[in-house]
Amino acid sequence: SEMCIRDRYKSVQNITGPGAISTTTGVTFITTTGTDAYTLADGVEGQLKIIIMKVDGGNATITPDNLVGFTAVRFTDVNNSAVLMSGSTGWNIIALQQATRI
């Protein structure tokens, strides 16, 4: 049902080390284990995605398949975060906290 889909997007992913950021959770907490690279597939139009660095073991570079106006976002410290919204041309950056667009 529609409610189940909405609830799914409120769930949380915890990822340690490099890998794929989930498009089926609303929030992803990153724990880096070095200089780690992350991917983010295209989402559903209107979908929000929040990504936060939980533990800083090195820089995190998040490279979505399609990031409007940029190639990637870099986190360098705990609590760096990004709020992204999926649109028809890819992920749009809505807000960044101490993160860098690259």
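What percentage of the 102 residues of the chain count as buried? In this predicted model, 37% of the residues fall into that class, where buried stands for under 20% relative accessible area.

The architecture behind this figure is made up of 1 helix and 10 strands, and, read from the N terminus, the helix precedes the strands in the order α-β-β-β-β-β-β-β-β-β-β. The radius of gyration of the chain is 13 Å, close to the 13 Å that the globule rule gives for 102 residues, so the chain is as compact as a globular protein of that length. Along the principal axes, the C-alpha atoms fill a box of roughly 40 × 25 × 20 Å. Where contacts link residues at least 6 apart in sequence, 41% of them join residues at least 24 apart.

The interior can be followed through the largest nonpolar core, which has 16 residues, and in which Ile21, Ile30, Tyr38, Ile51, Ile62 and Phe75 touch the most other members. Two or more residues of this core come from each of strand 4 (36–40), strand 5 (48–55), strand 6 (60–64), strand 7 (73–75) and strand 8 (81–87). In soluble globular proteins, nonpolar side chains tend to be buried together. Ile21 gives a local view of the packing, for, apart from its neighbours within four places in sequence, Ile21 is in contact with Gln13, Thr28, Ile30, Tyr38, Thr39, Leu40, Lys49, Ile51 and Ile62.

Turning to the outside, the accessible surface of the chain comes to about 5400 Å², and carbon and sulfur atoms account for 53% of that area. The chain carries 7 positive and 8 negative side chains, with the centres of the two sets 4 Å apart.

Note on methods:
Residues are numbered from 1 along each chain as its sequence is written. This is a predicted model: local features need pLDDT of at least 70, side-chain atom pairs count only at pLDDT 80 or more; totals for chains, interfaces and linings use all residues. Side-chain values use heavy atoms; hydrogens and water are left out. Helices (H or I, at least four residues) and strands (E, at least two) are DSSP runs, numbered from the N terminus. The radius of gyration is taken over C-alpha atoms; the globule rule is 2.2 Å times the number of residues to the power 0.38. Buried means under 20% relative accessible area, exposed over 50%, partly exposed in between (1.4 Å probe, protein chains only). Contact means heavy atoms within 4.5 Å. Accessible areas come from the Shrake-Rupley method with a 1.4 Å probe; for residues, only the protein chains shown count as cover. Lys and Arg count as positive and Asp and Glu as negative; His and the chain ends are not counted. The place of a charge is taken as NZ of Lys, CZ of Arg, CG of Asp or CD of Glu. A nonpolar core is a set of buried Ala, Val, Leu, Ile, Met, Phe, Trp, Tyr and Cys residues joined through side-chain atoms within 4.5 Å.
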